[in-house]
Amino acid sequence: MEKDYVKVWDECLAFIKDNLAGKENERVFDTWFRPIVPVRLEGCTLTIQVPSQFFYEWLEQNYVRLLKDAIRLTLGSQACLQYSIVMDTSISDLPLTTKVPSSGHPAVSNRLTDVPLAVQNQQHQLMNPFAIPGIQKVRVNSQLSSSYTLTNYVEGECNRLARAAGYAVAENPGKTSFNPLMLYGGVGLGKTHLANAIGLRVKEIHPEKLVLFVTSEQFMQQFADAGRDKTTSDFIHFYEQMDVLIIDDIQFWANKAPKTQEAFFHIFNTLHQAGKQLIITSDKAPSEMQGLETRLISRLKWGLSAELLPPDVETRMRILRQKLANDGMEMPDEVIEYIAYNINTNIRELEGALISLMAQSSLNHKDITIDLAREMVDKFVKSTSREVTIEYIQKVVCDYFNISVDNIQSRTRKREIVQARQLTMYFAKKMTKSSLAIIGLQCGNKDHATVLHACKTIANLAETDRQLRGWIDDLEKRFKE
Ligand code: ADP
Ligand code: MG
């Protein structure tokens, strides 16, 4: 009997979900697999519909293996997958939809950056502090900072999706399924930098487009001013002319400003319907936001929500190196490593530590050494907030056995590597709050059962194996250093 395509795809999804364990991967599943719609099955070729070209490319680049395995498992070794890419659908409540932008927006000019933030004359439709009224053309001070660029936005696992989406949006503002593009994450993780960088990139590729970056606070203030001056409709009209509107830190409106939220809701709808791009940052995912109007939150879920996570140690080192290079400074590698390993909260603090260290060294005419770094980091990071990371544990264990961290993450079954890997898992379980699944993921992509087994093995052996006991004692001392 012919298999039903919906069932076939459900089976594939179940397999994919199973193979994407862990919290991180739930998001991957929701972002990249849930929006896929099965459309038909002919012989053993399953056709699935994806929301955009970019989406298709991303799947092919990152998940082609998984998809292949899934489809072969359900339809046999001859199975084929075909994509159908949606190019033209109208807005709906689907989480990802591509829209065709409307043509023809007001004539614009791009000689705008660095223009003062003031209304220069009283042209009627454009009563807004960001507007620079001309004779016929709309000109806007984008309010973008020239130092937050995509080029100096260091890529890492922590921001890969957001950054890639940012590039896609900058190429084709309003025309990808990432509309709105929501960038969310904790403080100091690069939301403002990335949102700003996308705006700059749009201006570079599409100089004619009107781009505007505002903080939600500015927006609220302006709206209040407009209300007082009875120019609310001008205010709304102004915003509705933007091609790319970036609103930073929307959580600021939570539990206040219902009128502002309502005005933004209308602007959002007009822009979205006209195929204009919205980029919004927030400290939380739309689904976790509280105190914002429900209908606004539902709009925020339309496009792509990409989380910015705290960077891993490799990324932290790359960020430090880049900042130094930008400032034409140098620092011994061991100092960079020391800072990167010890400051793991967020990027703003990482930068702060670097600056303090440079200031200390120049004020006191001291060389930048590991000792100076240690002194500074101790002052900088309150000892209570210092949590050992899995990465740090890996490094200490690997240094102790004189092997490289890559070994632990490889599939090698060599005895000494297996032992180092198991010790890392054992200490990670003991010293961090990470789940078994997360520990496994970071130690060579193992599952939680493997981690559990490792922890038991080490604990059991430690009672009978004196050499192992010795290693554990040595390592414990090193962690306390
Ligand atoms: P947020 O808006 O999330 O609080 P910011 O965008 O203000 O964070 O970033 C804090 C600081 O960290 C800024 O100076 C920014 O340039 C820097 N930063 C953040 N992410 C990166 C990155 N990926 N590469 C380089 N610098 C970064
Ligand atoms: Mg910010």
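Helices α7 and α9 are roughly perpendicular to each other, because their axes cross at roughly 100 degrees and angles of 65 to 115 degrees count that way. Keep in mind as you look that this is a predicted model. Helix α7 covers residues 216-228 and helix α9 covers residues 258-273, and their axes come within 10 Å. On the α7 side, the residues to click on are F219, M220 and F223, which meet K259, T260, A263, F264 and I267 of α9. Sort that contact by class and you get six nonpolar residues, one polar and one charged.

Now move along the chain to helix α17, residues 415-431. Its axis and that of α19 come within 8 Å and cross at roughly 95 degrees, so α17 and α19 are also roughly perpendicular to each other. From α17, the contact uses Q422, L423, M425, Y426 and K429. Facing them in α19 are T450, V451, H453, A454, C455, T457, I458 and A459. The mix here is eight nonpolar, four polar and one charged residue.

Helix α19 (residues 448-464) has another partner to look at, helix α20 (residues 466-480); the two axes come within 6 Å and cross at roughly 115 degrees. That angle makes α19 roughly perpendicular to α20. As for handedness, α19 passes α20 in a left-handed crossing. I458, L461, A462 and T464 are what α19 brings to this contact, and α20 answers with R466, L468, R469 and I472. Five of these residues are nonpolar, one is polar and two are charged. Notice I458 of α19: this residue is listed in the contact with α17 and again in the contact with α20.

What about charge pairs? Side chains of opposite charge can pair when their charged atoms come close. The model has 17 salt bridges, one of them between R321 and D333, whose closest N and O atoms are 3.3 Å apart. That pair links distant parts of the chain, 12 residues apart: R321 sits in helix α11 (residues 313-326) and D333 in helix α12 (residues 333-342).

Finally, how far should you trust what you see? The chain has a mean pLDDT of 84, and 86% of its residues reach 70 or more. The stretch to be careful with is residues 88-127, where pLDDT stays under 50. The model does have 99 contacts beyond four places in sequence for that stretch. Still, where pLDDT is low, the predicted coordinates should not be read in detail.

Conventions: Residues are numbered from 1 along each chain as its sequence is written. Chains are lettered from A and ligands numbered from 1 in the order in which they are written. This is a predicted model: local features need pLDDT of at least 70, side-chain atom pairs count only at pLDDT 80 or more; totals for chains, interfaces and linings use all residues. Side-chain values use heavy atoms; hydrogens and water are left out. pLDDT is the predictor's confidence in each residue, from 0 to 100. Contact means heavy atoms within 4.5 Å. Axes are lines fitted to C-alpha atoms, for helices over the stretch in contact, and angles run from 0 to 180 degrees between N-to-C directions. Helices (H or I, at least four residues) and strands (E, at least two) are DSSP runs, numbered from the N terminus. Angles under 35 degrees count as roughly parallel, over 145 as roughly antiparallel, 65 to 115 as roughly perpendicular and the rest as oblique. A crossing is left-handed if the near helix is turned anticlockwise from the far one by less than a right angle, and right-handed if clockwise. Ala, Val, Leu, Ile, Met, Phe, Trp, Tyr, Cys and Pro count as nonpolar, Asp, Glu, Lys and Arg as charged, and the others, Gly among them, as polar. A salt bridge is a side-chain nitrogen of Lys or Arg within 4 Å of a carboxyl oxygen of Asp or Glu.
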